[in-house]
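This report describes the main structural features of one protein chain for a reader who is new to the subject. The sequence and the structure are shown first, and the description follows.

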Amino acid sequence: MTSYPPPPWNLVADAHVSIWRVPARDVHPGALALAGYTTVFTAWIAYREPGQLAYHELLAAVPVRGKRTTCTITQIWVDSAVSLAGGRELWAIPKDLAALQFTDRTYTAATGDDWIATAAFTPRPGLPLALPGRFDVLQDRDGTPVRTPVGAKIRPRLAAADWTVNPGGPLGYLAGRRPFVSLALPGSELVFGA
């Protein structure tokens with residue numbers, strides 16, 4: 001068994017997020033939808049010191065019904081066995097391992113089977129805005145909902161993003177689409193779990 005920190009996890013992250021409008025039927029049956037479309041949030045995240053863990057991840061999440069802002073993580077890949085074990089066992093987050101390569105502004109993700117996606121982000125001018133926030137992550141463990149509170153202090157900046165998604169891969173429903181907004185979130189502070 002892989003050892004991981006007890007909750008909550010106090011994390012520091014540099015993230016790049018893209019937000020997409022996608023037919024809800026292509027994504028997740030519980031996703032909140034308007035006129036048949038839902039919002040998909042994708043994020044490339046580099047966790048680093050002084051947070052408790054250092055690793056990389058790529059995730060996709062959709063909004064779902066909850067008492068406050070709530071999302072379900074539909075797909076997620078990490079390059080850390082510790083993060084994978086903790087995410088699955090503590091919060092029922094369906095983490096899988098992948099090869100994740102991050103440079104200053106470019107990102108790639110692949111499994112042993114095939115590539116998943118690549119992206120390049122370019123920051124846009126503008127001042128960051130500090131937005132403390134709280135949201136929940138709602139996952140399913142064998143029919144039982146697992147709700148995890150997350151506290152976040154973020155300073156988003158607008159960014160331009162150029163994605164290439166493997167149409168035959170797990171994020172294939174994003175292939176050929178463009179996000180309607182992208183953000184850079186340097187130095188984000190997260191408290192994951194209660």
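## The largest pocket

The largest pocket of this predicted model holds about 900 Å³ of space. Its lining is made up of 40 residues, and those closest to the centre of the pocket are Val17, Cys71, Phe135, Ala152 and Leu190. Such spaces can be located by a simple idea: rolling a probe the size of a water molecule over the atoms shows where empty space is left.

Which elements supply the lining of the largest pocket with at least two residues each? They are β1 (9–23), β2 (37–48), β3 (55–63), β4 (70–78), β9 (131–141), β10 (144–154) and β12 (181–192). The largest share comes from β9, which gives seven residues to the lining. As to chemical character, 31 residues of the lining are nonpolar, five are polar and four are charged.

## The nonpolar cores

In soluble globular proteins, nonpolar side chains tend to be buried together. In this model, the largest nonpolar core contains 30 residues. Within this core, Trp44, Leu58, Trp163 and Leu171 touch the most other members. Two or more residues of the core come from each of β1, β2, β3, β6 (99–102), β7 (106–110), β8 (115–123) and β11 (157–165).

Trp163 may serve as an example of a member of this core. When its neighbours within four places in sequence are left aside, Trp163 is in contact with Ser18, Trp20, Thr42, Trp44, Leu58, Ala117, Thr118, Ala119, Phe121 and Pro179. A second core, separate from the largest one, has 28 residues, among them Ala43, Cys71, Ile73 and Ile93. Cys71 is also one of the residues closest to the centre of the largest pocket.

## Salt bridges

Side chains of opposite charge can pair when their charged atoms come close. How many salt bridges does the structure hold? There are eight salt bridges, and the table lists some of them by the distance between their closest N and O atoms.

| Salt bridge | Closest N and O atoms |
|---|---|
| Asp26 and Arg25 | 3.9 Å |
| Arg105 and Asp104 | 3.9 Å |
| Asp136 and Arg147 | 3.7 Å |

The partners can also be described by their relative accessible area. Asp26 is partly exposed, at 32%, whereas Arg25 is exposed, at 72%. Arg105 is likewise classed as partly exposed, with a value of 39%, and its partner Asp104 is exposed, at 65%.

The salt bridge between Asp136 and Arg147 links distant parts of the chain: Asp136 lies in strand β9 and Arg147 in strand β10, 11 residues apart. Is Asp136 buried or exposed? Asp136 counts as buried because its relative accessibility is 6%, and the limit for a buried residue is under 20%. Arg147, by contrast, is partly exposed, with a relative accessible area of 42%. Elsewhere, Arg25, Asp26 and Arg177 are joined into one network by salt bridges that share partners.

## A buried serine

Ser188 belongs to strand β12. This residue counts as buried, with a relative accessibility of 4%. Apart from its neighbours within four places in sequence, Ser188 is in contact with Leu11, Val12, Ala13, Lys153 and Ile154.

## Details of the backbone

Cis peptide bonds are found at two of the places described here. One joins Pro7 and Pro8, with omega about 0°, and Pro8 is placed in the segment before β1. Another joins Glu49 and Pro50, with omega about 10°; Pro50 is located in the loop between β2 and β3.

Positive phi values in residues other than glycine also appear. Ala35 has phi near 55° and lies in the loop between β1 and β2. With a relative accessibility of 72%, Ala35 counts as exposed. Asp142, which is not a glycine, has a positive phi of about 55°. Its place is in the loop between β9 and β10, and Asp142 is exposed, with a relative accessible area of 79%.

Technical notes: Residues are numbered from 1 along each chain as its sequence is written. This is a predicted model: local features need pLDDT of at least 70, side-chain atom pairs count only at pLDDT 80 or more; totals for chains, interfaces and linings use all residues. Side-chain values use heavy atoms; hydrogens and water are left out. On a 1 Å grid over the protein atoms alone, a cavity is a set of points where a 1.4 Å probe fits but cannot get out, and a pocket is an open set with protein on both sides within 12 Å along at least five of seven lines; lining residues have an atom within 4 Å of a point. Grid points are joined across faces, edges and corners, and a volume is the space filled by probe spheres set on the points. Helices (H or I, at least four residues) and strands (E, at least two) are DSSP runs, numbered from the N terminus. Ala, Val, Leu, Ile, Met, Phe, Trp, Tyr, Cys and Pro count as nonpolar, Asp, Glu, Lys and Arg as charged, and the others, Gly among them, as polar. A nonpolar core is a set of buried Ala, Val, Leu, Ile, Met, Phe, Trp, Tyr and Cys residues joined through side-chain atoms within 4.5 Å. Buried means under 20% relative accessible area, exposed over 50%, partly exposed in between (1.4 Å probe, protein chains only). Contact means heavy atoms within 4.5 Å. A salt bridge is a side-chain nitrogen of Lys or Arg within 4 Å of a carboxyl oxygen of Asp or Glu.
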